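Hi,

Here is the structure I promised to send over. Have a look at it first, and then read on for what turned up when I went through it.

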Amino acid sequence: MDEPLLFELSSPGRTGFSLPACDVPKTPLPEGRVRDDLSLPEVSERDLIKHFTRLSQLNFSVDTGFYPLGSCTMKYNPKVNEEMARLPGFAHIHPYQDEGLVQGALRLMYELQEYLAEIAGLPAVSLQPAAGAHGELTGMLMVRAYHQNRHDRERRVVLVPDSAHGTNPATAAMCGYRVMTIPSDGRGNIDADILRDRADESVAALMLTNPNTLGLFEERILEVAEIIHGLGALIYCDGANMNALLGIAKPGELGMDILHYNLHKTFATPHGGGGPGAGATAVREDLAPFLPLPLVARRETSEGTRYYLDYDRPLSIGKVGSFYGNFGVMVKAYAYIRSLGGDGLREVSEDAVLNANYLLSGLKGYYYLPYDRPCLHECVFSGRWQKEIGVRTLDIAKRLIDFGFHPPTIYFPLIVEEALMIEPTETESLETLEGFLAAMKEIAREAREEPDTLRSAPHKMPLSRLDEVTAARRPNLRWKGGFDKGGSFLLKFS
Amino acid sequence: MSYLPHTDSDRKRMLEAIGVDSIDRLLEVVPEESRYPSLDLPPALSEMEVVRFLRGLAEENADLDHHPCFLGAGAYRHFIPAVVDHVLRRGEFYTAYTPYQPEASQGTLTAIYEYQSMICDLTGMDVTNASLYDGASAVAEAALMAARITRREELVVARNVHPAYRQVLSTYTQGLGLPIREVGYDHQGRMDLASVRESLSSDSACLIVQHPNFFGCLEDLSAASELAHRVGALLVACVDPIALGLFRPPGEEGADLVVGEAQALGNPLSFGGPYLGFLACGQEYMRQLPGRLVGMTTDTQGRRGFVLTLQTREQHIRREKATSNICSNEALVALAATVYLAAMGKQGLRQVAELCFHKAHYAARQIEGLPGFSLPFGEFFKEFVVKTPLSPREVNGKLWERGIVGGYDLGRDYPELADGLLFCVTEMNPKEEIDALVRALEEVR
């Protein structure tokens, strides 16, 4: 990688901006408050564009290739949605403008709430959470508010299956709960027998992902719901994997009480290199009073339908974000749902399931499959056979990069040794899937016949494997000019 | 429009390979009575129809490209150079995921490292995380972090911190039961130092102050840090990054944790999101930071590269013992801030801040000269409180009759300021707009 940092491109006095002259009389700057130095880089516009364009070329992305990162739903992001979010009437409105001046935005939010409620089979929705984990926080604070409102204060435990995303236990802890882990059974479900045995009335909620992180639908879900509800507890459903269920099943009809969506997964809004997401959260009727402030509501007036922000909700847990959530992301998700309609969404999930099962059947025999049954939107293999001959899942992942594919999620879920979690999504063609299968089979061959090729992969990238141990032991988290380790690289570019 | 590539013959071939005769067979695991529910959603639209419909919705909103605007209150209209969106539109950036595989993600990782470096420069701190959701969640995360560091529970927060940030703070801390004490403001609109002194004790984890505060006034961070440190509490300073182009960095004034909302750095208003929370701290607290961090390292051949680092703080490794549950953050918004700061650079950011300062002060002087209007508070940056002769609601209504989007009605959050409007003036308001505002105010009286 030979791209210098902005700080190395900087030269005193160089500029890349133009601003109008000050057209009002100046006011003396307050004494003793003005800073002496601001060490931001000084670059020209031309160098800036070259720099960021070259950086972009060092990234894998959905637009440039297959990105089967399990649990992340890296589907194609429709371009028209990007254009819609940039319309001045959406991008250039202030959150505190009078409601009468933002009726179009409020209507969009109201209708998105309704659509997401319909898809979940849960009648009330807040769009405020900014990401999946933020939706979890919102949901679990609602669990707490629900029990408190019933004067049921002794519930201190949240149950989490051992296959859960790390955000689940982390969220429960942030909400003041003690986490109890429930193991999975031999078919990859949460073990309902152990659950029945261990759960008691100290339980506030079970956090369940369905389909779970093995890509498997919970076979005993109705029984699990019965156990939990029988104890007066609630079920929080992590909706990270909703791409499997659109029009296939409504979580609300399966006994789920709260569900967060990841609009940036299921509803095709881009991931942006790690965000922004949006974590809309849906709940059953009797939990609606606890949803964050405000909700978007509608009333009929003599002048027609009016949309407004409803703050008159005394049982609400309060605000979870500065304003109303990631509106720009909502516009994209709304456009996506309107483009597909109900039948289109069902086809999305069907093809997502088809693609994952196609990869599952294609890789069987080449990689160890710990739970051999049809999957939903993703499949989880294990690199255990390869590990026995001295090749790790990490090596397989790095070698895939050489074949032009982003690696699957690896080493997760934690209950699968050397896990490879593959989510193709519905937007990938048969040809792409076949190319991926061919690469995975070739890698399985290489593991047996030329393991060093894998251990030293990737070979075709600007950089080889990076030293993460030193990065953590001697953290260099910012540029400090010429006197630190970073500075010594200056020489290379001069 | 469905974005699905498969033809029916593709599907048939795939089903044959799998060994089932229909997709339904793969879904038999779903309880039959719940399988294939009806979905009552509007019918699918073509791309042309979607565009027409959404354009219609967008046009129902009064967009600020067409109206002078003096609203701020935590969401700011600043100039965005064209290069920012040009970079954001690169699919290689916006359609990538969190950079878990560094060899395939050096673009995002390098940009985040540059972002971290520039936020550290702006704030005068050692370490910044890769982003949080927004200013409010950054305040809340900083408070939780301070409680972990000090092993204390009580949070002291100034009442002139953004009302929404205080509300989110109270939401975030309700599960852990951390008590919150609010301290009032003085006749200059600044936190009341005497009350701060009284409220802080050996139970206090932190003092949270905003600078400039919600009223736009400049605070005395040095005095605040001295009071906090005297009882072993941390000072959390919530700042406006545009103001840092002009004013001394909070790191120099004794702040321990510096947070804020960085939407103003190259991002549109977008009706309140997506925005960008940042959280910076000193080296000594690095391992208590929530969220992602990017660090510099080398590859096996000694070449420089970047990786996600210190991940043992994070939920995917530490689960219930993590420093936060945050996973997805606001990476693309942080990229916009990076490009913005690079484009403006050392001189540009200073100029933006000075333009805001001079224009806001010009506007304030003009308004103060109007009979019936007064400026109750002291030194400010780009926002100021105006006491109005009519109710703020009426004033804003009359301004809108003239096509002007007025200020923030402070009565919403401060009953004692029921006649107060918070105006914001930035480099986006030419003198004619300010003069038009002043004329309009003169007429509404």
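Let's start with strand S5 of chain A, residues 234-239: 6 of its 6 residues are buried, so the strand is largely enclosed by the rest of the structure. Bear in mind that this is a predicted model. The cover is on both faces of S5(A). On one side you'll find A:Leu234, A:Tyr236 and A:Asp238, on the other A:Ile235, A:Cys237 and A:Gly239, and all of them are buried. Strand S4 of chain A (residues 203-209) runs parallel to S5(A), and 5 bridges join the two. If you want a spot to zoom in on, A:Thr209 stands opposite A:Asp238 of S5(A).

Staying in chain A, have a look at A:Lys265, which sits in helix H10 (residues 263-266). Is this lysine buried or exposed? With a relative accessibility of 8%, A:Lys265 counts as buried, because the cut-off for that is under 20%. Leaving aside neighbours within four places in sequence, A:Lys265 is in contact with A:Ser71, A:Cys72, A:Thr73, A:Lys75, A:Ala240 and A:His271. There's also A:Met74: its C-alpha lies 6.7 Å from that of A:Lys265, although 191 residues separate the two in sequence.

Now for a place where the two chains meet. Helix H14 of chain A (residues 430-449) and helix H1 of chain B (residues 8-18) have axes that come within 11 Å and cross at roughly 35 degrees. From H14(A), the contact is made by A:Leu430, A:Leu433 and A:Glu434; from H1(B), by B:Asp10, B:Arg13 and B:Met14. By type, that gives 3 nonpolar residues, 3 charged and no polar ones.

On to chain B as a whole. The chain has 13 helices and 12 strands, and its C-alpha trace spans about 80 × 55 × 50 Å along the principal axes. Of its 445 residues, 68% count as buried. Its accessible surface comes to about 14,100 Å², with 47% of that belonging to carbon and sulfur atoms. Among contacts in chain B with a separation of 6 or more, 71% are between residues 24 or more positions apart.

One part of chain B I'd pick out is an open sheet of 3 strands, ordered S10-S12-S11, with antiparallel pairing. S10 (383-387) and S11 (408-409) are at the edges; each has a single partner strand, so one side of each is left without a neighbour in the sheet. Helix H12 of chain B (residues 392-401) packs on this sheet, touching S11 and S12, and its direction makes about 45 degrees with that of S12(B). S11(B) pairs with S12(B), residues 420-424, over 2 bridges in the antiparallel sense. B:Asp409 has B:Leu421 of S12(B) as its bridge partner.

Last one: B:Thr388, in the loop between S10 and H12 of chain B. This threonine is buried, with a relative accessible area of 7%. What does its side chain reach at 2.6 Å? That would be the backbone oxygen of B:Leu390. Not counting residues up to four places away in sequence, B:Thr388 touches B:Gly372, B:Phe373, B:Val395, B:Asp419 and B:Leu421. You'll recognise B:Leu421 as the bridge partner of B:Asp409.

Shout if you'd like to go through any of this together.

Cheers

Terms used:
Residues are numbered from 1 along each chain as its sequence is written. Chains are lettered from A and ligands numbered from 1 in the order in which they are written. This is a predicted model: local features need pLDDT of at least 70, side-chain atom pairs count only at pLDDT 80 or more; totals for chains, interfaces and linings use all residues. Side-chain values use heavy atoms; hydrogens and water are left out. Axes are lines fitted to C-alpha atoms, for helices over the stretch in contact, and angles run from 0 to 180 degrees between N-to-C directions. Helices (H or I, at least four residues) and strands (E, at least two) are DSSP runs, numbered from the N terminus. Contact means heavy atoms within 4.5 Å. Ala, Val, Leu, Ile, Met, Phe, Trp, Tyr, Cys and Pro count as nonpolar, Asp, Glu, Lys and Arg as charged, and the others, Gly among them, as polar. Two strands pair if DSSP finds at least two bridges between them. Buried means under 20% relative accessible area, exposed over 50%, partly exposed in between (1.4 Å probe, protein chains only). A polar contact is a pair of N or O atoms within 3.5 Å; within protein, one must be able to donate a hydrogen and the other to accept it, and residues adjacent in sequence count only if both atoms are side-chain atoms. Accessible areas come from the Shrake-Rupley method with a 1.4 Å probe; for residues, only the protein chains shown count as cover.
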